[in-house]
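Please open the structure in your viewer and keep the sequence beside it. The tour below tells you what to select at each stop and what you will find there.

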Amino acid sequence: MYVCSCFGITEQQVRDHAGTGACTPRQIASACKAGTDCGGCVRRIQALLGRGSCPRRELIDNGAPEPLVAEVAEAAPAALPEAA
């Protein structure tokens, strides 16, 4: 089922990006643009991500070091504008 009709992003694609470490709607947007046009899908993306479904967050909670700001910037080079 489509989550973002503006860019043709499906629920499975959002789950796949979440599985590789995209834990927030902003990180999903960096990975596939979902939520960056009309914004109508952001709440659905939030619902799909849920709470605690982020592998990276679980690693951090279990004592793994958080990535450095430079590492995060390299992983998501496209900056998103703030929502109004």
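We begin with the whole chain and then visit a few helices and residues.

This is a predicted model, in which local features need pLDDT of at least 70 and side-chain atom pairs count only at pLDDT 80 or more, while totals for chains, interfaces and linings use all residues. Residues are numbered from 1 along each chain as its sequence is written, and side-chain values use heavy atoms, with hydrogens and water left out.

**Stop 1: the whole chain.** Show the chain as a cartoon, and you should find 5 helices and 2 strands; here helices (H or I, at least four residues) and strands (E, at least two) are DSSP runs, numbered from the N terminus. Following the sequence from its beginning, you pass through the pattern β-β-α-α-α-α-α. If you now switch on the surface, the chain exposes about 5,900 Å², of which carbon and sulfur atoms supply 54% (areas come from the Shrake-Rupley method with a 1.4 Å probe, and for residues only the protein chains shown count as cover). Of the 84 residues, 21% count as buried, where buried means under 20% relative accessible area, exposed over 50%, and partly exposed in between (1.4 Å probe, protein chains only). Among contacts in the chain with a separation of 6 or more, 55% are between residues 24 or more positions apart, a contact being heavy atoms within 4.5 Å.

**Stop 2: the largest nonpolar core.** Select Val-3, Ile-9, Val-14, Ile-28, Ala-34 and Ile-45, which touch the most other members of this 13-residue core. A nonpolar core is a set of buried Ala, Val, Leu, Ile, Met, Phe, Trp, Tyr and Cys residues joined through side-chain atoms within 4.5 Å. The elements giving two or more residues to this core are β1 (2–4), α1, α2 (25–32) and α3 (42–49), and α3 provides the largest share, with 3 residues.

**Stop 3: helix α3.** Which residues of α3 are buried? They are Ile-45, Leu-48 and Leu-49, and because they fall within an arc of 95° when seen down the axis, they line one face of the helix; the arc is that of the directions from the helix axis to the C-beta atoms. These buried residues pack against β1, α1 and α2, whereas the face turned away from them carries the exposed residues Arg-43 and Ala-47. Select Ile-45 by itself, and, leaving aside residues up to four places away in sequence, you will find that Ile-45 touches Val-3, Val-14, Pro-25, Ile-28, Ala-34 and Gly-35. Just after the helix, Gly-50 takes a positive phi of about 60°.

**Stop 4: helix α2 and what follows.** Next select Ile-28, Ala-29 and Cys-32, the buried residues of α2. They cover an arc of only 100° around the axis, so they are on the same side of α2, and they pack against β2 (9–10), α1 and α3. After α2 comes Lys-33, in the loop between α2 and α3, with a phi near 75°, a positive value in a residue other than glycine. Lys-33 counts as partly exposed because its relative accessibility is 48%.

**Stop 5: Glu-11.** Finally, select Glu-11 in helix α1 (residues 11–19). Is Glu-11 buried or exposed? Glu-11 counts as buried, because its relative accessibility is 12%. Not counting residues up to four places away in sequence, Glu-11 touches Met-1, Val-3, Arg-44 and Leu-48.
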